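Subject: Structure handover

Hi,

Here is the structure I promised to pass on. Have a look at it first, and then read my notes underneath.

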Amino acid sequence: MSLSPTSEFDAFVAARQSALLHLARLLTGGDRHRAEDLLQEALVKLWLAWRRVGDQAPEAYIRRVLVRAAARSARRRWWNERPTGDLPETGTTADEAVLVDERTRLETALAALSAKQRAAVVLRYYQDLPEAQVAELLECPVGTVRSHTARGVAQLRRLLGSVLEPTD
């Protein structure tokens, strides 16, 4: 017995919401509130197109909507916020504190990149998409994706420090 479109959509959202929110947060430079708004906008658009894309590739569709909405949002609004180097005191749990600190550093550094560089770096290295697919999502040539990615990674290295400890 097949599920109704509403049930299929609900199941997709329940299964992928956390990962999609994380992607949206990376695309917005770590701003959780903007990421939630972005994801909500993308889910509305997915719902409206669900009968068309639900059986095919809803993940690819919503990823494209998120990338485009993040780029559009970055172009039209100034959020009047600046990252700060003064972080609040962290808890005493060593492992969680280190993870949160590193994630905060990365999100702050990602926020310093241009919207296209941030999207290229996130899609290429976090989502592990091939350059051709990133180029298709960003609607630009593969060479442009390479330059955005290279410049974005170089800027991240400058912001995060040139010495990165390897993870085991």
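Below is what I found when I went through the salt bridges.

Before anything else, bear in mind that this is a predicted model. There are nine salt bridges in the structure, and I'll walk you through three of them.

Start with helix α2, which covers residues 32-53. Here E41 and K45 pair up through their side chains, with an N to O distance of 3.5 Å. The two are four residues apart in that helix, so about one helical turn separates them. E41 is partly exposed, at a relative accessible area of 28%, and K45 is also partly exposed, at 32%. This pair doesn't stand alone: E41, K45 and R72 are linked in a network of salt bridges.

Helix α4 (residues 94-112) has a similar story, with R105 and E102 three residues apart, about one turn of the helix. Their closest N and O atoms are 3.2 Å apart, making a salt bridge. R105 counts as partly exposed at 31% relative accessibility, and E102 is partly exposed too, with 40%.

Then there's a pair that reaches across the chain. E136 and R64 form a salt bridge through their side chains, at 3.0 Å from N to O. It links distant parts of the chain, 72 residues apart: E136 belongs to helix α6 (residues 131-138), while R64 sits in helix α3 (residues 58-76). At 23% relative accessibility, R64 counts as partly exposed rather than buried, because buried means under 20%.

Cheers

Conventions
Residues are numbered from 1 along each chain as its sequence is written. This is a predicted model: local features need pLDDT of at least 70, side-chain atom pairs count only at pLDDT 80 or more; totals for chains, interfaces and linings use all residues. Side-chain values use heavy atoms; hydrogens and water are left out. A salt bridge is a side-chain nitrogen of Lys or Arg within 4 Å of a carboxyl oxygen of Asp or Glu. Buried means under 20% relative accessible area, exposed over 50%, partly exposed in between (1.4 Å probe, protein chains only).
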